[in-house]
Amino acid sequence: MNANVEKALETHGEGHHEHGHDHHELSFWRKYVFSTDHKMIGIQYGITALLFLLFGFSLMGLMRWQLAYPDTTIPFFGKILTAVLGEHMAPKGVMSADLYNSFGAMHGTIMVFLGIVPLGFAAFGNFVMPLQVGAPDMAFPRLNMASYWSYLAGGIVMLISFVVPGGAAKSGWTSYPPLAGIADVGPNIHIIFNGQTLWIIGMVLLISSSLLGSVNVIATVVQLRAKGMTWMRLPFFVWAQFVTAFLLLLAFPPLEAAGVMQLMDRVAGTSFFMPSGLVVNGQGWHGSGGGSPLLWQHLFWFLGHPEVYVMILPGLGIVAEVLANNARKPLWGYRSMVWAVLVLGFLSFLVWAHHMYLTGMDTKVSAFFQTTTIIISVPSVIILTCLIISLYGGSIRFNTPMLFAIAFLPMFGIGGLTGIPLAFNATDVPLHDTYYIIGHFHYVVAPGTLFALFAGVYFWYPKATGRMMSEFWGHVHFWPTFILMNCIFMPMFLQGFAGVHRRWYSGGIVNGDALFEVTQHVLHWNTFMSWASWLLAVAQIPFILNFFLAWKYGHKSGDNPWHATTLDWQTPTPPPHGNFTVQPEVYRGPYEYSVPGYPEDYLPQDKKLDQKEAK
């Protein structure tokens with residue numbers, strides 16, 4: 001392994017040095033835009049993903065107005081929507097049904113594929129993982145740059161789709177055919193420049209980006225670990241990134257193939273997913289011809305459920321690092337957590353059809369997927385239990401990263417527990433496509449994964465910038481966010497039990513009355529949740545100001561402000577070109593905190609003890 005690192009150092013030097021070892025100054029474009037340095041690419045991913053998260057969150061805020069005050073003009077933003085999207089999408093500033101569907105589809109797509117996954121896997125994975133394994137860079141730096149630019153191109157295509165005739169995609173973030181095959185098709189709609197087709201093209205670019213990134217992560221962890229960095233000395237964050245990379249590598253190709261096939265259905269007259277005998281507006285559909293809509297569902301959810309763990313695992317890795325550091329003690333059950341995350345990755349490929357109980361599958365098939373879905377909760381519980389027990393007896397520091405990490409535990413727990421009824425088809429069928437599903441999923445990825453990502457931003461910010469984010473404003477950010485997240489998503493369970501459908505664009509109210517009497521007693525929660533979501537947007541202002549102002553005005557952090565043990569904190573701050581001034585050598589595991597007899601409460605992985613200290 002050490003020979004691979006040395007070779008990488010030599011190769012890395014050839015591309016960036018001249019006149020022996022004198023480092024030449026790169027141009028602005030090569031250093032900040034078309035960079036091949038994993039740290040800069042990680043920062044590019046991080047800032048881009050945060051901007052997309054803000055945009056996707058804004059779409060939800062506009063949708064919540066329509067749910068709270070149906071068919072009324074949206075204040076301030078209504079005129080902008082009408083001016084940009086046209087009267088047919090936002091007549092007199094009122095959100096139309098098409099615009100609601102469009103925002104719903106794009107909110108899900110942007111938050112998942114352009115926000116959470118790039119931030120958790122690509123941003124933190126690029127910046128932190130090579131540092132933690134002792135590598136000078138990613139294994140394939142140019143591939144790394146291509147991954148980011150493919151991601152950015154996919155995001156730009158998604159944004160362009162909002163302003164083409166007909167607006168952005170309206171077939172949900174899952175793009176189910178045959179609806180996705182007939183949407184945005186007509187004499188006045190361009191065959192390529194329409195919302196649904198651009199959605200597919202954007203997805204193909206995003207998937208390609210993830211595949212390039214996953215290959216890079218796997219190669220880096222396998223080949224570029226520092227001397228002494230055995231598998232069981234890897235930080236849990238690296239294990240989480242490693243398993244996530246395999247999930248992406250194995251689950252995304254089927255969806256990319258499916259995306260190309262759906263693209264062909266739309267532009268080339270094929271019928272991979274369009275069934276025979278399809279009637280649209282009283283006429284036979286010209287493109288139908290024996291395709292299977294269920295095939296798309298299988299291919300989508302074969303990626304879709306591993307994708308849930310693609311969002312969760314990087315967050316779990318971040319929480320593990322933050323908890324161990326701020327509890328000042330080793331992770332309890334580290335080996336159990338490693339084996340659990342490996343089993344979790346394997347089982348994630350065996351549960352996809354629990355999203356498809358309404359398709360009329362055979363009872364034997366549904367029994368299999370019910371069983372695997374319950375089994376997959378076991379490794380999740382093992383990891384969560386280990387993290388909770390790790391807090392016991394610790395000397396806990398309640399700084400901002402730790403607050404978000406601790407809050408992640410119950411929020412993720414609620415998301416997991418509310419998923420158990422959905423594992424069984426008998427209870428899933430009445431709850432399917434209700435707000436119960438929205439509440440369950442969002443507890444996993446909003447107050448769950450997003451809290452972990454916030455913890456990661458606050459934790460590694462000083463390593464990236466050399467400055468500390470404000471603790472005061474971090475607390476101002478955390479407490480309202482924690483409270484308001486629960487105000488938004490907890491009432492969704494009540495609405496779901498009452499049968500409120502997730503796709504009612506008027507919130508279940510027509511002409512001032514409830515669409516169904518059984519839902520009447522829970523529809524008042526729409527207004528409460530909407531106001532909570534708008535206040536949540538206000539609560540992010542301290543984070544945004546803190547993030548950008550601390551870059552210049554924050555207190556200087558030093559190399560290891562958290563007194564951490566892993567290799568990422570043993571480099572200069574910010575890490576230089578090549579990361580390490582001396583090639584690191586690892587002597588122990590990643591969480592040697594509060595070691596008896598050692599004078600400090602942390603013992604870095606690369607600290608070589610003399611005979612006296614070793615005793």
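**Exercise 1: The largest cavity**

Find the helices that each supply at least two residues of the lining of the largest cavity, then describe that lining.

*Solution.* Start with the helices: H3 (38–68), H5 (97–133), H16 (435–465) and H19 (541–553) each supply at least two lining residues. Helices here are DSSP runs (H or I, at least four residues), numbered from the N terminus. A cavity is a set of points on a 1 Å grid over the protein atoms alone where a 1.4 Å probe fits but cannot get out, and lining residues have an atom within 4 Å of a point.

Before going on, note that this is a predicted model: local features need pLDDT of at least 70 and side-chain atom pairs count only at pLDDT 80 or more, while totals for chains, interfaces and linings use all residues. Residues are numbered from 1 along each chain as its sequence is written, and side-chain values use heavy atoms, with hydrogens and water left out.

Next, the size: the largest cavity holds about 260 Å³ of space. That volume is the space filled by probe spheres set on the grid points, which are joined across faces, edges and corners. Of its 17 lining residues, Gly42, Ile43, Gly46, Phe124 and Ala464 are the closest to the centre.

Last, sort the lining by class: 14 residues are nonpolar, three are polar and none is charged. (Ala, Val, Leu, Ile, Met, Phe, Trp, Tyr, Cys and Pro count as nonpolar, Asp, Glu, Lys and Arg as charged, and the others, Gly among them, as polar.)

**Exercise 2: The second largest cavity**

Work out which helix gives the most to the lining of the second largest cavity.

*Solution.* Look first at the contributors: H5, H6 (141–160) and H8 (195–223) each supply at least two residues. H5 comes out on top, with six residues. The cavity, at about 170 Å³, has 17 lining residues, and Tyr45, Phe121, Ala122, Ser209 and Ser210 lie nearest its centre. By class, the lining splits into 10 nonpolar, six polar and one charged.

**Exercise 3: A closer look at H5**

Say where H5 bends and by how much, and whether most of its residues are buried or exposed.

*Solution.* Walk along H5 to Pro118, where the helix bends by about 55°. (The bend is the angle between axes fitted to the seven residues ending there and the seven starting there.) Now check burial: 33 of the 37 residues of H5 are buried, so the helix is largely enclosed by the rest of the structure. Buried means under 20% relative accessible area, exposed over 50%, and partly exposed in between (1.4 Å probe, protein chains only). Finally, step just past the end of H5, where Gly134 takes a positive phi of about 85°.

**Exercise 4: Two loop residues with positive phi**

Compare Lys92 with Asp184: which is buried and which is exposed?

*Solution.* Place Lys92 first, in the loop between H4 and H5. Its phi is positive, about 55°, although Lys92 is not a glycine. At 70% relative accessibility, Lys92 counts as exposed. Then move to Asp184, in the loop between H7 and H8. Asp184 has a positive phi too, near 55°. But Asp184 is buried, with a relative accessible area of 14%.

**Exercise 5: Cis bonds before proline**

Locate the loops that hold Pro178 and Pro574, and describe the peptide bond leading into each.

*Solution.* Pro178 sits between H6 and H7 (179–182), and the bond from Pro177 to Pro178 is cis, with omega near 5°. Pro574 sits between H19 and H20 (611–614). The bond from Thr573 to Pro574 is cis, with omega near -15°.

How values were computed
1 Å grid on protein atoms, 1.4 Å probe; cavity = no way out; pocket = protein on both sides within 12 Å on 5 of 7 lines; lining within 4 Å.
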